[in-house]
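Visitor: Could you take me through one part of this model in detail? I would like to look closely at the nonpolar core and the helices around it.

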Amino acid sequence: MSALRRNARAAAARAALSLALCLALPGCSGLVNFAPGKPRPGSETPNPDAILDFSTLYRQNCSGCHGAAGQDGPAYPLANPEYQVLVGDATLAHVISEGRPGSQMPAFARSAGGTLTEAQIQSLAQGLRQAWRKGPSAAPGDTPPYRATTAGDAAHGGQVYGQACASCHAPGGPAAITDPDFLALLDDQSLRTIVIAGRPDLGQPDWRGMVPGRPAGDAPAHYPLTDRDVTDVVAWLSEQRPGPAVEGGAAAAGNQGARTQK
């Protein structure tokens, strides 16, 4: 055997021994596993359709409007337990899927032009319930229904507004909600949702006159509001809106001049 061949074999043996020793040392194997061009474990971008984790879906699709914790965003606070009690499961999933025509709430279902699968829609709807529905806060049947069941009487609604709302929302005051430009942002279902479920993040009472921190039984006069009261005050507010009344849609809410949707 020539000296050249013996040297080549010896070099190959030394290289094999060095590789074996390197693989046996802690952390050295990474030099092989993470060689240039070889993906690291977990570095692959997941298929968007495979994401079913509620927290991830909420952060990517909802938190920008409804807030990272379901409140303190420009849109309605989904973390309001009264809202979660008020809106039904089917309606909640429908709003996420189909959006709110005529509002800034988009459709998220792929079938409606969005990006989410039906499984992801259900994950969001169920996750909202698990995160923020705390159980009924009133006896069954006491809370006015989510949707109006009769036409409103605007004349009576004006009386209700004067008795139950005007102390905070007097026309021309700092919390006035009769400004036509503000009312143009909200449809009738949106107004109904606010009146029933309130806006605890803004100190807006619910249909019982309750706000966080107010002792039970210490609601203002004329509370709790009845289903008829709610329907009629919404009818009166709708008459203050420029143009024809805007009906339908799922629950929405907004701070004066800024906060909208759902």
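Guide: Happy to; here is the core, then one of its helices, then the salt bridges. This is a predicted model, in which local features need pLDDT of at least 70 and side-chain atom pairs count only at pLDDT 80 or more, while totals for chains, interfaces and linings use all residues. Residues are numbered from 1 along each chain as its sequence is written, and side-chain values use heavy atoms, with hydrogens and water left out.

A nonpolar core here is a set of buried Ala, Val, Leu, Ile, Met, Phe, Trp, Tyr and Cys residues joined through side-chain atoms within 4.5 Å. Buried means under 20% relative accessible area, exposed over 50%, and partly exposed in between (1.4 Å probe, protein chains only). The largest such core has 48 residues, and Tyr58, Leu124 and Leu128 touch the most other members. Helices that each supply at least two of its residues include α3 (54-61), α7 (118-132) and α11 (227-239); helices are DSSP runs (H or I, at least four residues), numbered from the N terminus. The top contributor is α11, with six residues.

Now let us settle on α7. Its 15 residues should span 21 Å at 1.5 Å a residue, and its end C-alpha atoms are 21 Å apart, which agrees; the expected span is 1.5 Å times one less than the number of residues. Among the buried residues of α7 are Ile121, Leu124, Leu128 and Trp132. The buried residues of this helix pack against α3, α5 and α6. Leu128 shows this in detail: leaving aside neighbours within four places in sequence, Leu128 is in contact with Phe54, Tyr58, Leu78, Gln84, Leu92, Ile96 and Arg133, where contact means heavy atoms within 4.5 Å.

Next come the charged pairs. The structure holds eight salt bridges, each a side-chain nitrogen of Lys or Arg within 4 Å of a carboxyl oxygen of Asp or Glu. In one of them, the side chains of Arg192 and Asp227 meet at 2.8 Å, N to O. Arg192 lies in helix α10 and Asp227 in helix α11, so this pair ties together parts 35 residues apart in sequence. Arg192 is buried, at 3% relative accessible area, whereas Asp227 is partly exposed at 26%.

Helix α11 also holds Arg228 and Asp232, four residues apart and separated by about one helical turn. Their side chains form a salt bridge at 3.1 Å, N to O, and Asp232 is buried, at 3%. Elsewhere, salt bridges that share partners join Glu82, Asp206 and Arg208 into one network.
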